[in-house]
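Biologist: I'd like to learn how to read a protein structure, one feature at a time. Could you walk me through this one?

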Amino acid sequence: MNLLHPISFIRALQGLSRLKKSISSADYLLLDTPMHKNIGDLAIAYAERQFIHNCLGKVFTEITAQELGSCEKSFARSTPTTKTVLIHGGGFLGSLWPQEEYRFREIVKSFKNHKIVVFPQTVTFDTATPEGQLYLDQSRKIYNSHPDIHICLRDARSFDYIITNFPNVKASLIPDMALQLKLPDTAVSCEQFREGALLCMRNDHEKSLTRTDENILHQLVETNFDLVTSTDMCATLIPSSVKQSEDIVIEKAREFSSAKLIVTDRLHGMILAALTGTPCIALNNSNKKVEAVYQWVKSLDYITCVNNASEAKYAFNKLDLERSYKYNYNLTAPYYKKLENIILEK
């Protein structure tokens, strides 16, 4: 237990107590889900819960990243080895988000006697320096040491990277979980009144747009729309419950579905635009995951991905903002069926 942080200690005790009471009747343990302000991560977790309930038809116990603390071994000892461990997806494997990578390593080491399936991830390692190569070697040793781990990757580049650098890891190419998220009709209605444009841009170290490009994008929307609103994928409050985290996602979807156009460099900005039938110009971020995941929805004529502001201006002229659009879940359905089989396989 991490005695240096009393709040983490209390959360871990609460999580362990809940796990011990529920795990005997649960089919799965869902680990490392978020309770923070990033709405993209909350949307992924929302979709993961839906998938386990609706597609697998199974019961699960969920332990958040905050509840795990530094107590992975305690949670592993309390989980029968007959239970499959499902790990939250996203874009945190590798060196881009070190704290998340370290926690994943501890989960893999602690649950060495359990089957592990990782929901779709993007993997980013920077090996340009000796330190970066060492970091990859450390992860490779830990990942490869697990006898039964299956990592799902949400883009072809990450899939190729895993099968090349982690030979003992089973890997599959599966879309981002949020691409099968079923939102309430009130959040995706294509009949409601839409107006204006939403700018939803990054402000963290995954940002790659230059200040000049951002100015061009602002000028583009301000020239063509009377109403231009800036928003982001960050909630105003940290959710205190699963329901509150899902309500935050639904409210953001409603905001997106009220606009005629979304301009974003956020991956889940693009995905929420797709789910809500909202025309969208998506721009790449630093590790190119926007472009990579766009490949799953590139057949949607209301979503386009570009590399810079000049391409955005060209894409804008090709979009029909007066049409009504509806997301096509069949685009990715066969891949989620494959994911079912991966999880159910003994």
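Biologist: Let's start with Glu-214: does it count as buried or exposed?

Modeller: This is a predicted model, so everything here is computed from it. Glu-214 has a relative accessibility of 16%, and under 20% counts as buried, so Glu-214 is buried. You'll find Glu-214 in helix 9.

Biologist: Which residues does Glu-214 touch, not counting residues up to four places away in sequence?

Modeller: Glu-214 touches Met-201, Lys-207 and Leu-209.

Biologist: And Leu-220, what is it in contact with once its neighbours within four places are left aside?

Modeller: Leu-220 is found in helix 9, which covers residues 211-224. Its relative accessible area is 11%, so Leu-220 is buried. Leaving aside those neighbours in sequence, Leu-220 is in contact with Ala-312, Lys-313 and Phe-316. Take Ala-312: it sits 92 residues from Leu-220 along the chain, yet their C-alpha atoms are separated by 8.7 Å.

Biologist: Now for sheets. How should I read one?

Modeller: Start with the general idea: strands of a sheet pair through backbone hydrogen bonds, either parallel or antiparallel. Here you can pick out an open sheet of five strands in the order 9-8-10-11-12, and the pairing is parallel.

Biologist: Which strands stand at the edges of that sheet?

Modeller: Strand 9 (228-231) and strand 12 do. Each has a single partner strand, so one side of each is left without a neighbour in the sheet. From one strand to the next, the twist averages 20 degrees.

Biologist: How many bridges join strand 8 to strand 9?

Modeller: Four bridges join them, and the two strands run parallel; strand 8 covers residues 197-200. For one pair to look up, Leu-199 has Ser-230 in strand 9 as its bridge partner.

Biologist: Which helix packs on the sheet?

Modeller: Helix 13 packs there, touching strand 10 (261-264), strand 11 (280-283) and strand 12. The direction of helix 13 makes about 155 degrees with that of strand 12.

Biologist: What about strand 1: how many of its residues are buried?

Modeller: Six of the six residues in strand 1 (residues 28-33) are buried, so strand 1 is largely enclosed by the rest of the structure. Strand 1 runs parallel to strand 2 (residues 60-64), and five bridges join the two. Among the partners, Tyr-28 is matched with Phe-60 in strand 2.

Biologist: Next, helices that pack together. What do I look at?

Modeller: Two packed helices are described by the angle between their axes and the distance between the axes. Try helix 2 (residues 39-55) and helix 10: they pack at an angle of about 115 degrees, with their axes 9 Å apart. That makes helix 2 roughly perpendicular to helix 10. Their crossing is left-handed.

Biologist: Which residues meet where helix 2 and helix 10 pack?

Modeller: On the helix 2 side, look for Ile-39, Leu-42, Ala-43, Tyr-46 and Arg-49. They meet a set in helix 10 that includes Val-242, Ser-245, Ile-248, Val-249 and Lys-252.

Biologist: Lys-252 has a charged side chain, doesn't it? What is the idea behind salt bridges?

Modeller: Side chains of opposite charge can pair when their charged atoms come close. Lys-252 makes such a salt bridge with Glu-255, at 2.7 Å from N to O. Both lie in helix 10 (residues 242-257), three residues apart, about one turn of the helix. Lys-252 is buried at a relative accessible area of 8%, while Glu-255 is partly exposed at 25%.

Biologist: How many salt bridges does the structure hold?

Modeller: The structure holds 16 salt bridges. One of them joins the side chains of Lys-170 and Asp-148 at 2.6 Å, N to O. That pair links distant parts of the chain, 22 residues apart: Lys-170 is in strand 7 (residues 170-173), and Asp-148 is in the loop between helix 6 (130-145) and strand 6 (149-153). Lys-170 is partly exposed, with a relative accessible area of 39%, and Asp-148 counts as partly exposed at 25%.

Biologist: Which residues are linked in a network of salt bridges?

Modeller: Asp-32, Glu-100 and Arg-103 are linked that way.

Methods: Residues are numbered from 1 along each chain as its sequence is written. This is a predicted model: local features need pLDDT of at least 70, side-chain atom pairs count only at pLDDT 80 or more; totals for chains, interfaces and linings use all residues. Side-chain values use heavy atoms; hydrogens and water are left out. A salt bridge is a side-chain nitrogen of Lys or Arg within 4 Å of a carboxyl oxygen of Asp or Glu. Buried means under 20% relative accessible area, exposed over 50%, partly exposed in between (1.4 Å probe, protein chains only). Two strands pair if DSSP finds at least two bridges between them. Axes are lines fitted to C-alpha atoms, for helices over the stretch in contact, and angles run from 0 to 180 degrees between N-to-C directions. Contact means heavy atoms within 4.5 Å. Angles under 35 degrees count as roughly parallel, over 145 as roughly antiparallel, 65 to 115 as roughly perpendicular and the rest as oblique. A crossing is left-handed if the near helix is turned anticlockwise from the far one by less than a right angle, and right-handed if clockwise.
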